[in-house]
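Visitor: Please take me through one part of this structure closely. I would like the backbone first, then what lies around it.

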Amino acid sequence: MREQLSLYLARQATSLPRYVAEQVLQAALGWVPSIVGVGLRGLAYRAILQMDGMAAIEDGVRIRFADNVRLGQGVYLDHGSYLHACPAGISIGPGSLVMKNAILHVYNFRALPHAGIRIGARSLIGESCILRGQGGISIGDDVYLGTLVQLLAVNHVFTDTSRPISQQGITAAGISVADGAWIGSGAIVLDGVRIGRNAVVGAGAVVTKDVPDYCVAVGNPARVVRDLRRDPLPARQPELVVY
Ligand SMILES: CC(C)(COP(=O)(O)OP(=O)(O)OC[C@H]1O[C@@H](n2cnc3c(N)ncnc32)[C@H](O)[C@@H]1OP(=O)(O)O)[C@@H](O)C(=O)NCCC(=O)NCCS
């Protein structure tokens, strides 16, 4: 029982005093609705996490290992988002938005060397996205992830048929998404993949290989269907484009 308790605590915070401080503050202020709650948390949560300037944290946001979380000026964490930042942490750059029910979980319980989740400036993590950062996830500036996108920076080893897969370890090479890219809703990006600059991933794609800069990839497994520099699309009718 004691062992289970200490395992539980080790997976919630960096120390027992930190666990108490983080839980007390989130229990006291985490539920407060409206702009009042956003203001209170914007001021008080800087006691438990790293905040550059002011961040807007809605009610019902759940943060674990808060000391490993860094939020830039103007970051927005929507209701129901969950940040679990065990080593080596989560950083979200200025002006970036994490929408409702998105889960950012570093999942580093094995001293993985490149674990962590880094998001640049002005990027959007859509509703219910799941980011698993064991191998490291690096998202650049001005990146848009649609709803329900999954970035899974980990694979289980399954080569040994005499043992359950759960006992064969993992590999975790990492995922990167370069500046200006757009990943459509429901896409799944697998470990080791780089999504290039201004690249587009279609809705529902399963991305197993790199998508080069300025290319559009769709399908399962995702295939590049267009290189926007070699084969440009006609400009959209200006009256149909909204900014
Ligand atoms: C990828 C996408 C941007 C392509 O737009 P497009 O350049 O106008 O492409 P087209 O519609 O001309 O399609 C080109 C080809 O790819 C196929 N295709 C397009 N999107 C696809 C998708 N998501 N999955 C599988 N195939 C797709 C088309 O059927 C077409 O195939 P064809 O040449 O055999 O007819 C768009 O289809 C898409 O998936 N958008 C994501 C929308 C979204 O998630 N929005 C909310 C998040 S912010």
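Guide: P221 sits in the loop between β24 (215-218) and β25 (223-227), a strand here being a DSSP run of E at least two residues long, numbered from the N terminus. The model is predicted, so local features need pLDDT of at least 70 and side-chain atom pairs count only at pLDDT 80 or more, while totals for chains, interfaces and linings use all residues. Residue numbers start from 1 along each chain as its sequence is written.

The peptide bond from N220 to P221 is cis, with omega near -5°. On the other side of β24, in the loop between β23 (206-207) and β24, is Y214. Y214 is not a glycine, yet its phi is positive, near 60°. Most residues other than glycine have a negative phi, and most peptide bonds are trans. Y214 is partly exposed because 18 other C-beta atoms lie within 10 Å; with C-beta atoms placed from the backbone, 20 or more such neighbours would make a residue buried and 12 or fewer exposed, and partly exposed lies in between.

β24 also matters for the interior count: it gives 3 residues, the most of any element, to the largest nonpolar core. That core has 58 residues, where a nonpolar core is a set of buried Ala, Val, Leu, Ile, Met, Phe, Trp, Tyr and Cys residues joined through C-beta atoms within 7 Å. I183, I195, V201 and V207 touch the most other members. Leaving out residues up to four places away in sequence, V201 touches I183, G184, A187, I195, V207, V211, A217 and A222, contact meaning C-beta atoms, placed from the backbone, within 7 Å.

The ligand comes next. Among the residues around it are V216, V218, G219 and V225, a residue being near a molecule if its C-beta atom, placed from the backbone, lies within 6 Å of it. Others in this shell include Y144, G184, V200 and G202. By class the shell has 6 nonpolar, 6 polar and no charged residues; Ala, Val, Leu, Ile, Met, Phe, Trp, Tyr, Cys and Pro count as nonpolar, Asp, Glu, Lys and Arg as charged, and the others, Gly among them, as polar.

For comparison, a cis bond also joins P87 and A88, with omega about 10°; A88 is in the loop between β6 (82-84) and β7 (90-92). Likewise L148, not a glycine, has a positive phi of about 60°, and L148 lies in the loop between β14 (144-145) and β15 (150-152).

Terms used: Helix = DSSP H or I, 4+ residues; strand = E, 2+ residues; numbered from the N terminus. Contact = placed C-beta atoms within 7 Å.
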